[in-house]
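Dear colleague,

Here is the structure I said I would send over. My notes on it follow below.

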Amino acid sequence: SIYCFGIGSDHNSNLLSSIAESAHGTYYFMKSTENIPIAFGDCLGGLMSMLAQNIVLTVTAPEGITINSISTAFQKIEVVPHKKYTIAIGDMFSEEERDILVDISLPSVESV
C-alpha cells in the first residue's frame, strides 16, 4: 500500500489520490503543517487495525441472471463467462471501503 500526504493547497490532490487509490492506500489532505501529527497518527493507527488480509471476493450469478461487466480497480478473473468472477481485493483496514460495480441483466417478467 502507498499512503500519500498533501500539505496546503499547492499540490496535485488528484494525482496523490489516484496514486494512493491504485496502490490500495489512503490520501491525506492537510491544511497546514500543524496537521501532520494528526494525519500520521491516523495512518499509523490504521496500519495497526488490520481487518482482513488477502481478501478474494467471488461473485456468482444465480440461474437466469447474467453478469454483463464488473468495474473495479482490483484484479478480476472471469471463472465462468458471464456467471462467476473472482476479485482480488487484498488487505483492508478497519473502517475502509472498497467499490465494485456489478452490471447484471435480469430476466424479463410479464406485467400483471
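**Strands 1 and 2**

Strand 1 (residues 4–7) has two unlike faces: Cys4 and Gly6 make up the covered one, while Phe5 and Ile7 make up the uncovered one. Helices (H or I, at least four residues) and strands (E, at least two) are DSSP runs, numbered from the N terminus. In a regular strand the side chains alternate between the two faces of the sheet.

Before going further, note that this is a predicted model: local features need pLDDT of at least 70, side-chain atom pairs count only at pLDDT 80 or more, and totals for chains, interfaces and linings use all residues. Residues are numbered from 1 along each chain as its sequence is written, and side-chain values use heavy atoms, with hydrogens and water left out.

Strand 1 runs parallel to strand 2 (residues 27–30), and four bridges join them; two strands pair if DSSP finds at least two bridges between them. Within this pair, Phe5 stands opposite Tyr28 of strand 2.

Ile7, also in strand 1, has a relative accessible area of 37% and is therefore partly exposed. On this scale, buried means under 20% relative accessible area, exposed over 50%, and partly exposed in between (1.4 Å probe, protein chains only). From Ile7 to Met50 the C-alpha distance is 26 Å, with the two positions 43 residues apart in sequence numbering.

Ile36 belongs to helix 2 (residues 36–47). Its relative accessibility is 27%, so Ile36 counts as partly exposed. The C-alpha atoms of Ile36 and Phe5 are separated by 8.7 Å, although the two residues are 31 apart along the chain.

**Helix 1**

Helix 1 covers residues 13–22, and at its start a side-chain oxygen of Asn12 comes to within 3.2 Å of the backbone nitrogen of Asn14. For reference, a polar contact is a pair of N or O atoms within 3.5 Å; within protein, one must be able to donate a hydrogen and the other to accept it, and residues adjacent in sequence count only if both atoms are side-chain atoms. After helix 1 comes His24, with a positive phi near 60 degrees.

Leu15 lies in helix 1 and, because its relative accessibility is 47%, counts as partly exposed. Together with Ile2 and Ile19, Leu15 forms a nonpolar surface patch with about 240 Å² of accessible area. Patches are made of residues with over 30% relative accessible area and no salt bridge, like charges being joined within 9 Å and nonpolar side chains (Val, Leu, Ile, Met, Phe, Trp, Tyr) within 5 Å. A salt bridge is a side-chain nitrogen of Lys or Arg within 4 Å of a carboxyl oxygen of Asp or Glu. Accessible areas come from the Shrake-Rupley method with a 1.4 Å probe, and for residues only the protein chains shown count as cover.

**The sheet of three strands**

Three strands form an open antiparallel sheet in the order 3-6-5. Strand 3 (50–60) and strand 5 (75–80) are its edges, each pairing on one side only. Neighbouring strands here are turned by 20 degrees against each other on average, direction ignored; axes are lines fitted to C-alpha atoms, for helices over the stretch in contact, and angles run from 0 to 180 degrees between N-to-C directions.

Strand 3 and strand 6 are joined by eight bridges, and Ala52 has Met92 of strand 6 as its bridge partner. On the other side, strand 5 pairs with strand 6 (residues 84–93) over five bridges, with Ile87 as the bridge partner of Lys76.

Asn54, in strand 3, has a positive phi of about 50 degrees although it is not a glycine. With a relative accessible area of 64%, Asn54 is exposed. Most residues other than glycine have a negative phi.

The hairpin of strand 5 and strand 6 has three residues between the strands, and one of them, His82, takes a positive phi near 65 degrees. His82 is partly exposed, at 40% relative accessible area.

Val80 lies in strand 5 and is partly exposed, with a relative accessible area of 38%. The C-alpha atoms of Val80 and His11 are 44 Å apart, and the two residues are separated by 69 along the chain.

Regards
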